[in-house]
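Work through the exercises below with the sequence and the 3D structure at hand. Each task is followed by a worked solution.

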Amino acid sequence: MAPLLTLDALLFNMIGGQLKRFAKARKDLLVAVNEIVRHMFDEIDYVLEGKNAERFAILYSQGSGGEGRTSIKVPKVYWTYTRKSILALEWIDGIKLTDAERISKANLNRKKMIDEGLYCSLRQLLEDGFFHADPHPGNLVATEDGSLAYFDFGMMGDIPRHYRVGLIQMLVHYVNRDPLGLANDFHSLGFVPEGTDLHAVATALSVAFGDGRRQSNDFQGVMNHLYDVMYDFNFSLPPDYALVIRALGSLEGTAKALDPDFKVIESAYPFVIGRLLADPSPDMRKILRELLIRDDGSIRWNRLERLIAAISQQSSEESSKKPGDENTASSSDWRSFDMHSVVSATEDLFHFILSRKGWRVRVFLIQDIVKASDAFLQETTFPGIFEEEGNTGELNPERSRMIRRLINGVQSFRQAISLAPNAWTAMLIRVALKPESQRFILDVFLALVNYSHDKVPETCWICMSKYLNYLDRQWR
């Protein structure tokens with residue numbers, strides 16, 4: 001039976017807490033109060049809350065825990081006894097997430113519970129759009145089998161796809177430290193009034209971000225970055241996003257009860273990348289390109305390198321699994337990438353690079369390929385790849401690092417291909433047969449010949465001599 005809250009308690013808990021959030025950024029308080037009051041009356045309509053609970057259960061508690069077991073539990077609604085002022089629910093025994101002693105005694109896996117809760121929340125906010133707006137520790141308990149049980153479905157949100165895509169785009173622009181991109185996001189989502197100077201917003205965001213070395217990966221840290229900017233430019237959050245901010249703040253606070261070092265932004269990033277790779281819609285593909293390619297056309301090699309390494313790591317983990325391994329259907333499987341989606345996204349990226357719109361990317365690619373070939377041709381660096389790690393590149397550490405990164409990148413890519421060799425082979429053949437690909441390969445070849453024709457003979461002889469010396473040392 002759900003407890004009946006008095007109107008005073010509702011006003012105190014909801015309006016008091018929410019106005020404190022909204023006032024700091026000088027958002028549209030009238031809109032905020034209207035949204036809060038609307039949900040306040042939803043809270044005391046227990047028929048509506050029961051319907052919310054059933055919809056939530058259908059969406060998020062269907063066998064997500066592996067082997068047919070649900071890892072997210074929602075109490076059953078007994079409609080025979082439920083009225084507008086009475087809600088009859090199934091009794092679920094559980095442990096408060098703030099009760100560290102009981103969780104330890106029950107030998108519950110905290111990391112697994114955080115993974116399950118985060119996955120459920122990300123699905124709510126980024127996939128289905130129907131979300132629990134108040135997942136604080138009082139509305140979540142851990143059951144004896146390690147599942148999470150949700151309660152209190154009076155305050156729910158329903159965020160449209162446009163806003164869900166906007167959330168992903170804002171996260172990517174934040175991670176990329178792209179203040180103008182963020183300013184445009186705020187405008188397209190209706191956060192800033194019409195006529196606002198977006199370049200001024202971008203400048204203020206740049207100041208708020210500082211030099212980028214102290215980039216925050218927790219939600220509260222991100223909001224602290226944005227509060228002053230929101231105040232100065234009179235931001236007005238739409239009601240849906242007001243609830244999203246509440247939900248993200250509550251989620252992070254709940255997870256920190258289990259792990260004080262938990263950070264929403266950092267933990268959600270693999271899920272967001274997976275969504276970008278899996279969703280072939282034009283807007284998601286555009287966000288993926290923005291993640292990997294700068295506005296001027298240059299490639300974010302560090303970002304691409306980490307993505308390939310993550311896919312390669314998945315390959316290593318899957319190959320090391322044994323039949324019947326209990327981790328085969330673990331709660332962290334959602335962090336894995338669907339390899340066919342990765343292949344499809346890669347092919348789309350190739351198509352963009354080879355298209356008319358991708359001409360600047362091709363220019364930077366050719367320049368980067370020439371730089372890489374130059375690093376290999378340098379007689380003081382190339383032989384170093386045969387030396388001990390500590391001696392490599394003593395004279396040219398920058399070129400030495402580039403060579404190591406190239407070698408590691410190729411190895412990681414080969415491991416990634418091993419997850420779906422047929423799909424990768426078919427895709428690469430399709431791309432290679434395109435006339436645009438053949439023209440680009442010819443451009444690369446001509447650029448390499450033009451740059452290195454006078455260096456290759458001398459460098460080859462020197463490298464061969466040093467390599468023979470290297471072999472001689474190995475045989476002694």
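A pocket is an open set of grid points with protein on both sides within 12 Å along at least five of seven lines. The model used here is predicted.

**Exercise 1. The largest pocket**

Find how much space lies in the largest pocket, and describe its lining.

Solution.
Step 1. Start with the volume: the largest pocket holds about 1800 Å³ of space.
Step 2. Look at the lining, which has 47 residues; Ile299, Trp301, Leu304, Ile308 and Leu365 are the closest to the centre of the pocket.
Step 3. Assign the lining to helices. At least two residues each come from H12, H13 (301-320), H14 (339-354), H15 (359-377), H16 (397-417), H17 (421-432) and H18 (435-452). H16 gives the largest share, 10 residues.
Step 4. Sort the lining of the largest pocket by class: 31 residues are nonpolar, four are polar and 12 are charged.

**Exercise 2. Two contacts of helix H12**

State how H12 is oriented to H6 and to H14, and list the residues in each contact.

Solution.
Step 1. Take H6 (residues 161-175) and H12 (residues 282-292): their axes come within 10 Å and cross at roughly 5°. Angles under 35 degrees count as roughly parallel, so H6 is roughly parallel to H12.
Step 2. List the residues of this contact. H6 brings Arg161, Val165, Ile168, Gln169, Val172 and His173, while H12 brings Asp283, Met284, Ile287, Glu290 and Leu291. Six residues in the contact of H6 with H12 are nonpolar, two are polar and three are charged.
Step 3. Now take H12 and H14, whose axes come within 11 Å and cross at roughly 75°. The range for roughly perpendicular is 65 to 115 degrees, and H12 and H14 are therefore roughly perpendicular to each other.
Step 4. List the residues again. On H12 they are Arg285, Leu288, Arg289 and Leu292; on H14 they are Ser344, Ala345, Asp348, Leu349 and Phe352. The contact of H12 with H14 has five nonpolar residues, one polar and three charged.

**Exercise 3. Cavities**

Count the cavities of 30 Å³ or more, then describe the largest and the second largest.

Solution.
Step 1. A search of the whole structure gives six cavities of 30 Å³ or more.
Step 2. The largest cavity contains about 490 Å³ of space. Among its 26 lining residues, Leu167, Met170, Phe219, Leu248 and Ile265 lie nearest the centre.
Step 3. H5 (110-128), H6, H7 (179-188), H9 (219-232), H10 (239-258) and H11 (264-278) each supply at least two residues of the lining of the largest cavity. By class, this lining has 26 nonpolar residues, no polar and no charged.
Step 4. The second largest cavity has a volume of about 120 Å³. Its lining has 15 residues, and Gly117, Leu148, Leu251, Thr254 and Ala255 lie nearest its centre.
Step 5. Two or more residues of the lining of the second largest cavity come from each of H5, S5 and H10, and H5 gives the largest share, five residues. The lining of the second largest cavity divides into 12 nonpolar, three polar and no charged residues.

**Exercise 4. An aromatic pair**

Classify the pair formed by Phe56 and Phe153 as stacked, tilted or edge-to-face, and place both residues in the chain.

Solution.
Step 1. The structure has nine aromatic pairs. In the pair of Phe56 and Phe153, the distance is 5.2 Å centre to centre, and the angle between the planes is 50°.
Step 2. Planes under 30 degrees apart count as stacked and over 60 as edge-to-face; the pair of Phe56 and Phe153 is tilted.
Step 3. Phe56 is in helix H3 (residues 46-60), and Phe153 is in the loop between strand S5 (148-150) and strand S6 (156-158). The two residues are 97 residues apart, and the pair links distant parts of the chain.

How values were computed: Residues numbered from 1 in each chain as written. Predicted model: local features only at pLDDT ≥ 70, side-chain atom pairs only at ≥ 80, totals over all residues. Heavy atoms only, no water. Axes fitted to C-alpha atoms, helices over the stretch in contact; angles between N-to-C directions. Helix = DSSP H or I, 4+ residues; strand = E, 2+ residues; numbered from the N terminus. Parallel < 35°, antiparallel > 145°, perpendicular 65-115°, else oblique. Contact = heavy atoms within 4.5 Å. Nonpolar A, V, L, I, M, F, W, Y, C, P; charged D, E, K, R; others polar. 1 Å grid on protein atoms, 1.4 Å probe; cavity = no way out; pocket = protein on both sides within 12 Å on 5 of 7 lines; lining within 4 Å. Points joined across faces, edges and corners; volume = space filled by probe spheres on them. Phe/Tyr/Trp six-rings, centres within 6.5 Å; stacked < 30°, edge-to-face > 60°.
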